[in-house]
Amino acid sequence: MSDETFPEIRDAVRRLCADFPGSYWQALDRDRTYPTEFVRALTEAGFLSVLIPEEFGGSGLGLGAATAILEEIHRSGCNGGACHAQMYTMGTLLKHGSAEQKAKYLPGVADGSLRLQAFGVTEPTAGTDTTRIRTFAQREGDHYVVSGQKIWISRAEHSDLMVLLCRTTPREECARSSDGMSVLLVDMREAVGNGLTIRPIRTMLNHATTELFFDDLKVPVENLIGEEGKGFRYILSGMNAERILIAAECIGDAKFFIDRAAAYAKERSVFGRAIGSNQGIQFPIARAYVQMNAAALVVADAAAKFEAGQPCGTEANMAKMVASEASWFAADMCIQTHGGFGFAEEYDIERKFRETRLYQVAPISTNLILSHVGTHVLGMPKSF
Ligand SMILES: Cc1cc2nc3c(=O)[nH]c(=O)nc-3n(C[C@H](O)[C@H](O)[C@H](O)COP(=O)(O)OP(=O)(O)OC[C@H]3O[C@@H](n4cnc5c(N)ncnc54)[C@H](O)[C@@H]3O)c2cc1C
């Protein structure tokens with residue numbers, strides 16, 4: 001169904017991904033190393049700058065095109081998690097940055113000479129309750145001095161710039177808990193070793209995620225994005241794009257699992273017939289297909305609302321939830337269809353299974369989406 005949108009872009013992405021087969025990803029996964037060549041190829045082909053307006057060197061396309069790109073990457077067995085932030089993190093700068101900041105940074109982000117891959121929000125003690133972040137930026141003359149800690153900040157070691165959310169006024173001194181936070185653009189090339197330490201975290205998937213320690217890091221005041229104290233709402237507006245794009249990756253993952261399972265079910269013969277002729281095998285594959293298509297419609301609706309500039313917080317959340325559940329159902333089904341071979345590294349299914357599991361937790365967990373729908377949409381009382 002969603003294959004009908006942007007056929008030329010999808011075809012070009014598929015051809016690029018064909019140069020990065022399972023063996024490429026398996027080797028990286030084993031060593032937990034970054035797919036530098038894959039990210040370079042996507043950058044050179046212009047796929048990571050589609051959301052940047054033409055005046056800054058991008059192709060000025062909408063979110064629908066970006067969803068098509070990430071979906072195809074994932075359907076091909078590749079992983080856009082290594083670089084998807086280069087697409088949307090610049091949205092905070094584009095929407096809320098000054099003319100000088102945009103002119104200074106966006107052309108470099110568009111041509112890939114500046115990697116804007118890191119987005120620093122989560123902290124160990126705050127968790128999902130972002131208003132309780134404690135990383136603090138104290139203004140001292142023409143600098144902010146940043147101290148604190150972040151966790152799960154992906155791609156920090158592979159990024160030249162980071163969009164960082166920190167407190168500039170203590171929570172207790174703010175009228176609303178979401179006030180008093182600000183967004184700084186941190187130049188990682190200057191920061192590492194001068195107040196910023198990056199510590200990689202080994203996880204069940206190859207995601208280049210890290211822990212960050214800020215120890216009196218100096219950030220020039222000119223790197224403040226928008227107004228001081230309004231950072232939380234700037235970050236929220238960027239999160240809708242992130243959720244929709246990650247939902248598209250989940251649709252791609254679901255298609256990968258369905259393609260693989262259907263092919264294997266037709267070819268694998270046990271008890272003298274194809275396993276796919278047994279309804280116990282066939283129906284879960286068909287169910288995964290139905291669920292994926294239903295989720296794809298929700299993702300397309302959220303992307304259309306985002307592109308039209310309409311409020312889409314609820315749609316973006318719902319898209320991420322149903323798409324991540326569709327991909328997880330498909331992943332589990334695909335392992336089951338393959339029997340023992342589903343666990344073999346060379347089939348790529350166990351790797352994709354681990355990769356797609358992330359998206360029920362990050363960038364926002366399912367419970368928090370349900371809480372948003374329960375309270376903001378259905379008007380039920382809040383539990384927190
Ligand atoms: C591999 C990876 C990469 C990541 N990359 C980034 C990144 O680049 N930048 C970044 O800023 N963050 C990143 N994150 C962090 C991610 O966004 C968070 O892990 C996620 O939002 C969940 O937050 P938490 O881990 O603090 O869970 P917690 O907030 O501690 O929640 C734990 C569990 O409790 C549930 N829960 C909490 N409160 C409630 C409630 N009131 N009602 C019901 N259930 C509740 C949650 O749903 C969750 O299941 C990444 C995480 C991972 C694992």
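**View 1. Strand β3 pairs with strand β7.** In β7, Phe213 is the bridge partner of Gln149. Strand β7 covers residues 209-220, and its pairing with β3 is antiparallel, over 10 bridges. Two strands count as paired if DSSP finds at least two bridges between them. Helices (H or I, at least four residues) and strands (E, at least two) are DSSP runs, numbered from the N terminus. The model is predicted, so local features need pLDDT of at least 70 and side-chain atom pairs pLDDT 80 or more, while totals for chains, interfaces and linings use all residues. Residues are numbered from 1 along each chain as its sequence is written, and side-chain values use heavy atoms, without hydrogens and water.

**View 2. Strands β2 and β3 form a hairpin.** Strand β2 (residues 136-140) pairs with β3 (residues 143-154) in the antiparallel sense, over 5 bridges. Arg139 has Tyr144 in β3 as its bridge partner. There are 2 residues between the strands, and Gly141 in the turn has a positive phi of about 65°.

**View 3. The shell around the ligand has 18 residues.** A residue belongs here if one of its heavy atoms lies within 4 Å of the ligand. The closest are Phe119, Thr122, Thr128, Trp152 and Ser365. The shell divides into 10 nonpolar, 8 polar and no charged residues. Ala, Val, Leu, Ile, Met, Phe, Trp, Tyr, Cys and Pro count as nonpolar, Asp, Glu, Lys and Arg as charged, and the others, Gly among them, as polar. Strand β3 gives the largest share, 3 residues.

**View 4. Polar atoms of Thr128, Trp152 and Ser154 face atoms of the ligand.** A polar contact is a pair of N or O atoms within 3.5 Å. A side-chain N or O atom of Thr128 is 2.4 Å from an oxygen atom of the ligand. A polar backbone atom of Trp152 lies 2.8 Å from a ligand nitrogen atom. For Ser154, a polar side-chain atom is 2.8 Å from a nitrogen atom of the ligand. On its own the ligand has 970 Å² of accessible area, of which the protein covers 67%; the areas come from the Shrake-Rupley method with a 1.4 Å probe.

**View 5. Two loops have backbone features to look at.** Pro363, in the loop between α12 (349-357) and α13, is joined to Ala362 by a cis peptide bond with omega of about 0°. Arg155, in the loop between β3 and β4 (161-167), has a phi near 65°, a positive value in a residue other than glycine.

Definitions and conventions
Polar contact = N/O pair within 3.5 Å; in protein donor to acceptor, adjacent residues only side chain to side chain.
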